[in-house]
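Okay, thanks everyone, let me get the model up on the screen. I'd like to walk through one strand and its partners, and then stop at a single residue.

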Amino acid sequence: QVQLVESGGGLVQAGGSLRLSCVVSGTIARINAMGWYRQAPEKQRELVATITPVGRTKYTDSVQGRFTISRDNAKNTVYLQMNGLKPEDTAVYYCNAVITTNGVSVTNYWGQGTQVTVSS
C-alpha cells in the first residue's frame with residue numbers, strides 16, 4: 001500500500017509564500033517522476049511542476065520564476081516552494097508520484113490534496 005500525504009497549504013495574502021510538502025510511504029521499490037498539480041473551482045486539473053529522480057525540473061509557464069520544485073530522495077519527499085503568490089494560484093494542490101512497487105509494476109499515485117487560497 002502506497003500513500004502520499006501533503007501538507008503546507010493555507011491562506012496567504014497576494015505576494016506571500018507557502019511551502020508544500022508531500023511524503024510518500026509504503027512498499028516502494030523506486031519513486032520515478034514526482035510532481036504537483038492543481039485544480040481551481042470549475043477548472044480542469046493542471047500540471048504545475050515536475051521533477052525527475054535526478055532533479056530535472058519542468059514548470060508550467062504561469063509559475064515559472066515564482067515556484068520551485070525539489071525533492072529529497074532519502075526522505076521520499078517532494079516540495080513546492082511558492083513565492084509571489086497571486087489570487088489566480090488559488091486551487092487545491094495535489095502531489096503526484098510515479099512509483100515502481102515491485103520492480104515490475106509502475107503506478108501513478110495521488111495525494112488527497114491541500115487547499116491553497118491567495119487573497120487579494
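Quick bit of vocabulary before I start: when I say buried, I mean under 20% relative accessible area. And keep in mind that this is a predicted model.

So, strand S8, residues 77-82. How many of its six residues are buried? Five of them, so by that cut-off the strand is mostly covered.

Now, who sits alongside S8? On the pairing list we have S3, residues 18-26, which runs antiparallel to S8 and is joined to it by six bridges. If you want a spot to look at there, find Arg19, which stands opposite Gln81 in S8.

Then there's S7, residues 67-72. That one also pairs with S8 in the antiparallel sense, over six bridges. Here you can look for Asp72, standing opposite Thr77 of S8. S7 and S8 make a hairpin, with four residues between them. Have a look at Asn76 in that turn: its phi is positive, about 50 degrees.

Okay, moving on to the single residue, Thr100. You'll find Thr100 in strand S9, which covers residues 91-100. Is Thr100 buried or exposed? Buried, because its relative accessibility is 10%, and the cut-off is 20%.

What does the Thr100 side chain make a polar contact with? The side chain of Asn32, at 3.1 Å. Setting aside neighbours within four places in sequence, Thr100 is also in contact with Ile28, Ala29 and Arg30, and with Ser105 and Val106, among others.

That's my tour, happy to rotate the view for anybody.

Note on methods. Residues numbered from 1 in each chain as written. Predicted model: local features only at pLDDT ≥ 70, side-chain atom pairs only at ≥ 80, totals over all residues. Heavy atoms only, no water. Helix = DSSP H or I, 4+ residues; strand = E, 2+ residues; numbered from the N terminus. Buried < 20%, exposed > 50% of the residue type's maximum accessible area, 1.4 Å probe, protein only. Polar contact = N/O pair within 3.5 Å; in protein donor to acceptor, adjacent residues only side chain to side chain. Contact = heavy atoms within 4.5 Å. Pairing = 2+ DSSP bridges.
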